Protein chains: 2
Amino acid sequence: MMTGETIGLSDRGLTLGDGLFETLLAEDGVLRDVAPHLARMAAGCAVLGLPPPDPAQAEGRLRQALAAAGLLGGRAAVRLTLTAGAGGRGLDRPEAPVPVLFAAAAPAPALARPAHLILAEVRRNDASPASRLKTLSYLDNVLARREARAAGADEAVMLNTRGEVACAAAANIFWLSGDVLNTPALDCGVLAGIARARVLNAAVELGLVVREVRAGPDALREADAVFLTNSLIGVQAVGRLAGRDVAQAEIIVSKIRTAAFAAFA
Amino acid sequence: MMTGETIGLSDRGLTLGDGLFETLLAEDGVLRDVAPHLARMAAGCAVLGLPPPDPAQAEGRLRQALAAAGLLGGRAAVRLTLTAGAGGRGLDRPEAPVPVLFAAAAPAPALARPAHLILAEVRRNDASPASRLKTLSYLDNVLARREARAAGADEAVMLNTRGEVACAAAANIFWLSGDVLNTPALDCGVLAGIARARVLNAAVELGLVVREVRAGPDALREADAVFLTNSLIGVQAVGRLAGRDVAQAEIIVSKIRTAAFAAFA
């Protein structure tokens, strides 16, 4: 159903949000963490009951998108999208769905200040497997980000339906309490972020105690530092939460950033 | 970004499930309940922060889709889709989003037997406003329906995150207990169905007590009848739930069906 830069109107990615995506960083034309991103998409396909993309084809799409956008120098964001493909009316997939795969590249966003966060009203649905995947049904995240922008903030912390911290609209979240680095457990409704995994490994190497936890938002207010991670921002410090300054243990956060992304340097 | 039967790959409906849809019944070329369907889409646009479609244009799209599909006789399902339109990278919408509107028609599904239901594992996110809208982020409903099909059933009952009955994957749900007709309250994470409203009004006219409630799935097991509603099926009886037969108060359900959809006869 794909024709150049368009997709068919009956595609289930469009009509039902039935599909997945990945967003990768490219630096000077080099794609970062391709293998774990493609492995995560394949794992998501297994959860959704879709055939996974061929890794070589997927990587080819990413490279073509980078080149086509003229982004072989500098930092670029490359998105790979997989839809469940063309479908008839209603919720049921065709017997043998034929996924559609495409990629697009854009300049990576520049980071200005330590992020200002709000607590979003909209909650993360930890009672759906989709909460642990990067799916095309991303409207809750769009709504959370809209809440942040409406409040003059950069990003929104999403709690899950039990009131536990899950993530930001487009990032995983960490907080440091003494020598303990905390991040929400995956069963809080959390994407297994590629940058999240890098940070967890780096923190262990730095001698920090790492905990994947269930915690309410008070834990963020009381922390020595809060930061966000995703493949584009790496580690981004948080400066404010819900209108109040957040402590910033800058030296240790900087060490974590360096250790987590040293391989890229 | 629309060209004939395709849509641009950067459309936010495709990339993020950012948009809404409506499904209408047409009988012999006559669209049913056009005004309430378009009013509901406009209300959904207000929640999402999108400009609503022009009603005359929307109705025109529906009529064109019916004619183009050669479905001016018999029963047809006509779907109207509104996306947030073309967008750049990331979650933030452009300053002034330009929605894309399109319609498609297909033969309406034929109903065979009283529906067999399962209780889905995936839950309805009552903690998101999207749970009360018909959005393009419909993956949880797709997953619920997949659970039903995997169990050899027709449809799935979705509980919300508090364990209360919310709806089926593609229908509202009602149950009769004596002369009391129950349906989940909207704040359970329920779409304000057009057929649901017809049934509520009809039940009052028939002298039934109508209650919009918060109730667990045991209420369904103990009911005198359970039925589903949406614009295509009207009132569909339920025959089995989670592998057990459900009582069927056929006479009163038939009266409700007739009273609710008499205007169509």
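Arg149(A) forms a salt bridge with Asp92(B) in this predicted model. The closest N and O atoms of Arg149(A) and Asp92(B) are 2.7 Å apart. Arg149(A) falls within helix 4 (139–150) of chain A, one of the elements on the side of chain A that touches chain B. Helix 4 of chain A gives the most to that side, with eight residues. The count between chain A and chain B is four salt bridges. Polar contacts also cross the interface: 30 residue pairs are found, with both residues at pLDDT 80 or more.

Several other elements build the side of chain A that faces chain B. Those giving two or more residues include strand 1 (6–8), helix 1 (12–16) and strand 2 (19–27) of chain A. Strand 4 (75–83) and strand 5 (100–107) of chain A also belong to this set. By class, this side of chain A has 25 nonpolar, 15 polar and 15 charged residues.

The contact takes 55 residues from chain A and 55 residues from chain B. Together the two chains bury about 4,200 Å² between them. Carbon and sulfur atoms account for 64% of that area. Leu9(A), Arg89(A) and Leu91(A) supply 17% of the area that chain A buries against chain B. No other three residues of chain A supply more.

Strand pairing also links the chains. Strand 1 of chain A is joined to strand 1 (residues 6–8) of chain B by three bridges. The two strands run antiparallel. Within this pairing, Ile7(A) stands opposite Ile7(B).

Within chain A, four strands form an open sheet in the order 3-2-4-5, with antiparallel pairing. Strand 3 (30–31) and strand 5 of chain A stand at the edges. Each has a single partner strand, so one side of each is left without a neighbour in the sheet. Strand 2 and strand 4 of chain A pair over nine bridges in the antiparallel sense. Thr23(A) stands opposite Arg79(A), which lies in strand 4 of chain A. Both strand 2 and strand 4 of chain A also give residues to the side that touches chain B.

Chain B likewise has an open sheet of four strands in the order 3-2-4-5, and the pairing is antiparallel. Its edges are strand 3 (30–31) and strand 5 (100–107) of chain B. Each of these edge strands has a single partner, so one side of each lacks a neighbour in the sheet. Strand 2 (residues 19–27) and strand 4 (residues 75–83) of chain B pair antiparallel over nine bridges. Leu25(B) stands opposite Ala77(B) in strand 4 of chain B.

A hairpin follows the interface helix in the sequence of chain A. Strand 7 (residues 155–159) and strand 8 (residues 165–168) of chain A pair in the antiparallel sense over three bridges. Val157(A) stands opposite Ala168(A) in strand 8 of chain A. Five residues lie between the strands of this hairpin. In the hairpin, Gly163(A) takes a positive phi near 85°.

Aromatic pairs number four over all chains. One of them is formed by Phe174(A) and Phe227(A) and is stacked. The ring centres of Phe174(A) and Phe227(A) are 5.2 Å apart, with 10° between the planes. Phe174(A) lies in strand 9 (residues 172–177) of chain A, and Phe227(A) in strand 12 (residues 225–230) of chain A. The pair therefore ties together parts that are 53 residues apart in sequence.

Notes:
Residues are numbered from 1 along each chain as its sequence is written. Chains are lettered from A and ligands numbered from 1 in the order in which they are written. This is a predicted model: local features need pLDDT of at least 70, side-chain atom pairs count only at pLDDT 80 or more; totals for chains, interfaces and linings use all residues. Side-chain values use heavy atoms; hydrogens and water are left out. Contact means heavy atoms within 4.5 Å. Buried area is the accessible area (1.4 Å probe) that two parts lose on being put together, summed over both. A salt bridge is a side-chain nitrogen of Lys or Arg within 4 Å of a carboxyl oxygen of Asp or Glu. A polar contact is a pair of N or O atoms within 3.5 Å; within protein, one must be able to donate a hydrogen and the other to accept it, and residues adjacent in sequence count only if both atoms are side-chain atoms. Ala, Val, Leu, Ile, Met, Phe, Trp, Tyr, Cys and Pro count as nonpolar, Asp, Glu, Lys and Arg as charged, and the others, Gly among them, as polar. Two strands pair if DSSP finds at least two bridges between them. Rings of Phe, Tyr and Trp (its six-membered ring) pair if their centres lie within 6.5 Å; planes under 30 degrees apart count as stacked, over 60 as edge-to-face and the rest as tilted.
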